[in-house]
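Here is a short briefing to keep beside you while you turn the model around on screen. Take a look first, and then we can walk through it together.

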Amino acid sequence: MTTTDEIQAAGVRTPRPAGRPRSARAEKAIIDATLDLVGESVGLSELSIEAIAARAGVGKTTIYRRWSNKEDLLVDALATLKTPLPPVAGVSVREDLIVYTRVFLRDACDARNRCVMNIAMNEAERHPRLVERIRQATIEPRRAAITALLRRGVTTGELRAGLDVPIAMANLVGTVMWYIRTEGADECVESSDLAERIVDHLLAGLGP
């Protein structure tokens with residue numbers, strides 16, 4: 001049986017190893033500059049440490065003290081676009097799905113972040129290894145967390161036996177993305193119960 005601790009652990013990013021003290025302001029400037037340049041449709045191949053340093057107002061050595069190469073910086077920068085999954089109570093699958101869905105809605109409603117991520121992921125054919133690293137850093141932790149939660153629901157009987165977990169997960173995430181694309185980001189602000197509505201409609205088809 002999957003435990004709540006396993007679910008929460010799946011959504012937690014691995015902390016950086018200990019090292020020399022870092023300037024939070026400089027690091028934020030570098031991350032923001034990287035995302036800005038990607039958002040301006042600068043291809044991953046054309047993105048350079050020189051351009052990032054100039055946009056961030058720091059020297060190249062400041063960047064290299066933190067990241068050994070452009071790819072490492074890009075993966076870390078894109079990972080910041082995903083809100084960390086918060087702890088869940090583990091009382092019911094419904095309540096925990098609502099917690100996660102609120103996070104997905106928050107991210108989906110940020111047009112800039114969505115645009116930057118789409119641009120990066122569209123580079124899969126040119127940079128398959130880099131895009132796979134981005135997937136592992138930004139998508140896989142959430143996939144693992146949702147998978148663990150849905151499997152817990154099957155075990156507890158809250159969800160039907162034999163549930164196709166990958167399809168159920170796609171239903172949830174796909175509904176969030178499609179709804180925001182078609183209804184607009186304003187719905188996130190105007191509808192405080194949107195997460196509950198999405199989850200309840202989903203559970204109507206996934207329940208025992």
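The notes below go through the cores, two helices, two threonines, the largest pocket and the salt bridges. Please keep in mind that this is a predicted model. The largest nonpolar core has 30 residues, and another core, of 27 residues, lies apart from it. The largest pocket holds about 620 Å³ of space, and a search of the whole structure finds 15 salt bridges.

**The nonpolar cores**

- Within the 30-residue core, the residues with the most contacts are L97, Y100, F104, L105, L150 and L159.
- Helices α6 (93-108), α9 (140-156), α10 (165-183) and α12 (194-206) are the elements that give two or more residues to this largest core.
- Helix α6 gives the most to the largest core, with eight residues.
- L159 is a good residue to click on: leaving out residues up to four places away in sequence, L159 touches V93, L150, G153, V154, L203, L206, G207 and P208.
- The other core, of 27 residues, includes A33, A77, A120 and I134.

**Helix α3, seen from its buried side**

- Helix α3 spans residues 49-56, and I49, I52, A53 and A56 are buried in it.
- These four residues sit on the same side of α3, because they cover an arc of only 100 degrees around the axis.
- A general point helps here: an α-helix has 3.6 residues a turn, so residues three or four places apart point the same way.
- The buried residues of α3 pack against α2, α4 (60-64) and α5 (70-79).
- G57 follows α3, and its phi is positive, near 75 degrees.

**Helix α8, with two sides to compare**

- Which residues of helix α8 (residues 128-138) are buried? They are L130, V131, I134 and T138.
- The buried residues of α8 line one face of the helix, because they fall within an arc of 95 degrees when seen down its axis.
- On the other side of α8, P128 and R129 are exposed.
- The cover over the buried residues of α8 includes α5, α7 (111-121) and α9.
- I134 links two of our topics, as a buried residue of α8 and one of the residues in the 27-residue core.

**Two buried threonines**

- T101 lies in helix α6, and its relative accessibility of 0% makes it count as buried.
- Not counting residues up to four places away in sequence, T101 touches L172, V176, A195, I198 and V199.
- T147 lies in helix α9 and is also buried, with a relative accessible area of 14%.
- Leaving aside neighbours within four places in sequence, T147 is in contact with V165 and M169.

**The largest pocket**

- This pocket is lined by 23 residues, and the closest to its centre are K82, I139, R142, V173 and M177.
- Helices α6, α7, α9 and α10 each supply at least two residues of the lining.
- Which helix supplies the largest share of that lining? Helix α10 does, with seven residues.

**Salt bridges**

- As a general reminder, side chains of opposite charge can pair when their charged atoms come close.
- D32 and K28 meet through their side chains in a salt bridge, at 2.7 Å from N to O.
- Both D32 and K28 lie in helix α2 (residues 24-39), four residues apart, which is about one turn of the helix.
- Is K28 buried or exposed? K28 is exposed, with a relative accessible area of 53%, while D32 is partly exposed at 27%.
- R94 forms a salt bridge with E95, and their closest N and O atoms are 2.7 Å apart.
- R94 counts as partly exposed at 30% relative accessibility, and E95 is partly exposed as well, with a relative accessible area of 38%.
- The side chains of R126 and E123 meet in a salt bridge at 3.6 Å, N to O.
- E123 is buried, with a relative accessible area of 9%.
- E46 joins E123 and R126 in a network of salt bridges.

Conventions:
Residues are numbered from 1 along each chain as its sequence is written. This is a predicted model: local features need pLDDT of at least 70, side-chain atom pairs count only at pLDDT 80 or more; totals for chains, interfaces and linings use all residues. Side-chain values use heavy atoms; hydrogens and water are left out. A salt bridge is a side-chain nitrogen of Lys or Arg within 4 Å of a carboxyl oxygen of Asp or Glu. Buried means under 20% relative accessible area, exposed over 50%, partly exposed in between (1.4 Å probe, protein chains only). The arc is that of the directions from the helix axis to the C-beta atoms. Contact means heavy atoms within 4.5 Å. A nonpolar core is a set of buried Ala, Val, Leu, Ile, Met, Phe, Trp, Tyr and Cys residues joined through side-chain atoms within 4.5 Å. On a 1 Å grid over the protein atoms alone, a cavity is a set of points where a 1.4 Å probe fits but cannot get out, and a pocket is an open set with protein on both sides within 12 Å along at least five of seven lines; lining residues have an atom within 4 Å of a point. Grid points are joined across faces, edges and corners, and a volume is the space filled by probe spheres set on the points.
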